[in-house]
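Dear colleague,

I am passing on the structure we spoke of, and I would be glad if you could look through it with the notes below at hand. The sequence and the coordinates come first, and my description comes after them.

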Amino acid sequence: MIRKEVIPYVGGALFLSSFFYLLWLEPLAIACLVICLFFLYFFRDPERVPPLDPNAVVSPADGKVIEIRQNSSLCSQNHTEVSIFMSPLDVHVNRVPFDGIVKEIIHTPGKFFSAFKERAYRENENIKITFETPHGQIVVRQVAGFIARRAICWLKERESYRKGERLGMIKFSSRVDICLPSSFKIQVKVGQKVRAGQTVIALLQK
């Protein structure tokens, strides 16, 4: 499946390719076609099947875990934050990490530093989504990056969602942070690759 958000990008690339071709600038026309293929690859949206374990929290994003920290500025006390960096080659559709009701969605305008830098964590434009679950609040934050500059959330406040459902997307490289209450035990390490909606990043402690 390809996301419909790709249409303006593919349309623009095809237009430029045709334009250069008419001017006998074939190398540039071919380059635009290659870029068009990259856009189709980037906006891919494969189906994902979440694990059946009701106690499992799945990753909200594809990418690499770049940081795990306690009681960060994003999280409340007794929460653990896991940050995931998405390269331009990762799937950029984000997924709901755990069954819950969306309490609030906050869009914060900001800057566009490279997503893996510390300044991006504090200052970049982002969308913060708070889920109410029977085991405490889970916060997911989509952070726009230097190239992307655009995060999209498809969820609505006061509606319930199931683990693995599509949450939104961030265009091109970016990061997603997730805060989990102490009732969950983290199952991933820094440097580990994860997949949205599939990789178990935490388990509810019984």
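What follows is an account of the sheets, the helix pair and a few loop residues.

Please keep in mind throughout that this is a predicted model.

I begin with the eight-stranded sheet, which is open and has the strand order β9-β5-β6-β7-β11-β3-β2-β13, with antiparallel pairing. Its edge strands are β9 and β13, the latter covering residues 193-194, and each of these two pairs on one side only.

Within this sheet, the stretch from β9 to β7 can be followed through its bridges. Strand β5, residues 100-108, pairs with β6 in the antiparallel sense over seven bridges, while β5 and β9 pair, again in the antiparallel sense, over two bridges. On the β9 side, Gly100 stands opposite Tyr161. On the β6 side, Ile106 stands opposite Lys128, and His107 has Ile127 of β6 as its bridge partner.

Strand β6 continues the pattern towards β7, which comprises residues 136-144: eight bridges join the two strands, and they run antiparallel. Lys128, which stands opposite Ile106, has Arg141 in β7 as its bridge partner. The connection between β6 and β7 is a hairpin, with two residues between the strands. As for its surroundings, β6 (residues 126-133) is mostly covered, since six of its eight residues are buried.

There is also an open sheet of three strands, in the order β4-β10-β8 and with antiparallel pairing. Here β4 (93-95) and β8 (151-153) are the edge strands, each of them pairing on one side only, and from one strand to the next the twist averages 25°. Strand β10, residues 166-170, is joined to β4 by three bridges, and these two strands run antiparallel. If you wish to locate this pairing on the model, Asn94 has Gly168 in β10 as its bridge partner.

Turning to the helices, which residues of α1 and α2 meet? On the α1 side they are Tyr9, Val10, Ala13, Leu14, Leu16, Ser17, Phe20 and Tyr21, and on the α2 side they are Glu26, Leu28, Ala29, Cys32, Leu33, Cys36, Phe39 and Leu40. By character, the residues of this contact divide into 14 nonpolar, one polar and one charged. Two packed helices are described by the angle between their axes and the distance between the axes. In this case the axes of α1 (residues 7-22) and α2 (residues 26-42) come within 7 Å and cross at roughly 170°. The cut-off for roughly antiparallel is an angle over 145 degrees, and α1 and α2 are therefore roughly antiparallel to each other. The crossing in which α1 passes α2 is left-handed.

Two loop residues deserve a look for their backbone angles. Most residues other than glycine have a negative phi. Trp24, in the loop between α1 and α2, has a phi near 65°, a positive value in a residue other than glycine. Arg158, in the loop between β8 and β9 (160-161), likewise has a positive phi, near 70°, and is a residue other than glycine. Are these two side by side with the solvent or covered, that is, is Trp24 buried or exposed, and is Arg158 buried or exposed? Trp24 is exposed, with a relative accessible area of 73%, and Arg158 counts as exposed at 69% relative accessibility.

Finally, Leu89 lies in the loop between β3 (79-86) and β4. At 55% relative accessibility, where the cut-off for exposed is over 50%, Leu89 counts as exposed. Leaving aside the neighbours within four places in sequence, Leu89 is in contact with Tyr41 and Arg44. From Leu89 to Arg48 the separation is 41 residues in sequence and, from C-alpha to C-alpha, 17 Å in space.

With best regards

Definitions and conventions
Residues numbered from 1 in each chain as written. Predicted model: local features only at pLDDT ≥ 70, side-chain atom pairs only at ≥ 80, totals over all residues. Heavy atoms only, no water. Pairing = 2+ DSSP bridges. Helix = DSSP H or I, 4+ residues; strand = E, 2+ residues; numbered from the N terminus. Axes fitted to C-alpha atoms, helices over the stretch in contact; angles between N-to-C directions. Parallel < 35°, antiparallel > 145°, perpendicular 65-115°, else oblique. Left-handed = near helix turned anticlockwise from the far one by under 90°. Contact = heavy atoms within 4.5 Å. Nonpolar A, V, L, I, M, F, W, Y, C, P; charged D, E, K, R; others polar. Buried < 20%, exposed > 50% of the residue type's maximum accessible area, 1.4 Å probe, protein only.
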